[in-house]
Amino acid sequence: MQITIRNLTKGFGLTPVLKSVSLDIRDGELFFLLGPSGCGKTTLLRLVAGFYPPDSGEILFGDRCVNDVPPHRRNTGMVFQNYALWPHMTVAQNVEYGLDVRRVPTAERGQRVREALAMVRMEELASRSPNQLSGGQQQRVALARALVIRPDALLLDEPLSNLDARLRLEMRDEIRRLHAELKLTTVYVTHDQKEALSLADRMAVLQGGVVEQLGDPRTVYRRPASRFVADFIGESNWVEGEVLSSDVTGVRIRTRLGEFLSSPRAGLLPAVPVWVGFRPEALHPTEVRLNAFEGELRQTNYLGEIEEYVLSAGTQVFKCFVQNPERALPPGTLLTVGVRPDDLLVLPRIA
Ligand code: ATP
């Protein structure tokens, strides 16, 4: 089911929380709402679920406006960060609860509960109580409870943030598998950019109740629409620059570290002030002084698969990741680090 959000506005008291948000979430898409705490992503999800009425704007499920449809008639399955399982019910009873609320005939229920528990691989623990389960298992039950009603859309509100790092990775795989199997339109709220990058078909990055960028993970990471998005989705080192020329061969930019060439980018005219950004993993030690600058090694942080170098160039420090590091370099070493034209971030600098 496609979900269309048109000019949606919502405030609490005098505080505007969502400011005319418009989004098209495609049928079967795993769509992420990503942003820092307080940006309005949970509010948006709750509006889609029907827990809050919008101040203005529309929410459409397919072609149908659902603004006036109560939550239990929207046929969405919701999963919360804190699982929200009933402690006095067994796993199976928790899952059955959704069917009870929807008055599904008793004869059908057993089979549906078994199916939903099988989807999340929890059949064996059907008679346990939630407090006999690990966090990951509890979240699987919450997923089964959302899926048992055969929803038209699945709404996930920070579903993994109560889990430890290892379980989070495991549950990411689980959500990816479930989504591939069920092809259910899914809206997933998180502030964890790695979760969004690794799972999303597309994502909307929100800030201050506004969509800053809508796109697939690679586009958002490699071609962020603003410095806010660039910094929220990953690390970057920035320097001020000015466009010297821009054509089909690329954009030439002057900075105080020297000249850099980026792959062609739209909308950058000569003399435009820009920010030039280097992702730490895009900077690599090089012998060639082309699209490169020299820095002095200040600090190293060996992490096994990579080594973080902190370099100073002028008054600024830059972070650079070296893959598969072999030999240790002493602080004070002078290093030239370069960047591929396509890896350079270039954003208009608004004075
Ligand atoms: P978080 O990751 O911290 O949950 P979020 O991006 O999901 O953040 P929201 O929960 O949507 O943010 O909240 C956005 C803003 O709206 C916040 O400033 C919050 O304090 C406010 N807010 C949310 N719900 C209510 C409410 N029921 N009453 C009043 N203010 C609210």
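Which residue in strand 13 does arginine 254 stand opposite? Arginine 254 stands opposite glutamate 259, and this pair belongs to one of the two topics below, strand pairing and the ligand shell. The model is predicted, so local features need pLDDT of at least 70 and side-chain atom pairs count only at pLDDT 80 or more, while totals for chains, interfaces and linings use all residues. Residues are numbered from 1 along each chain as its sequence is written, and side-chain values use heavy atoms, with hydrogens and water left out.

**Strand pairing**

- Strand 11 (residues 237–247) and strand 12 (residues 250–255) pair in the antiparallel sense over six bridges, where strands are DSSP runs of E with at least two residues, numbered from the N terminus, and two strands pair if DSSP finds at least two bridges between them.
- These two strands, 11 and 12, form a hairpin with two residues between them, and serine 246 has valine 251 of strand 12 as its bridge partner.
- Strand 12 is also joined by five bridges to strand 13 (residues 258–262), the two running antiparallel, and a hairpin with two residues between them is formed by strand 12 and strand 13.
- Valine 251, the bridge partner of serine 246, stands opposite serine 262 in strand 13.

**Ligand shell**

- The residues around the ligand, that is, those with a heavy atom within 4 Å of it, are Phe12, Val17, Pro36, Ser37, Gly38, Cys39, Gly40, Lys41, Thr42, Thr43, Tyr52 and Glu158.
- By class, this shell has five nonpolar, five polar and two charged residues, with Ala, Val, Leu, Ile, Met, Phe, Trp, Tyr, Cys and Pro counted as nonpolar, Asp, Glu, Lys and Arg as charged, and the others, Gly among them, as polar.
- Helix 1 (residues 41–49) gives the most to the shell, with three residues, a helix being a DSSP run of H or I with at least four residues.

**Ligand contacts and burial**

- An N or O atom in the side chain of serine 37 is 2.6 Å from an oxygen atom of the ligand.
- For cysteine 39, a polar backbone atom is 3.0 Å from a ligand oxygen atom, and for glycine 40 a backbone N or O atom lies 3.0 Å from an oxygen atom of the ligand.
- Taken alone the ligand exposes 630 Å², of which the protein buries 57%, with accessible areas coming from the Shrake-Rupley method with a 1.4 Å probe.

Note on methods
A polar contact is a pair of N or O atoms within 3.5 Å; within protein, one must be able to donate a hydrogen and the other to accept it, and residues adjacent in sequence count only if both atoms are side-chain atoms.
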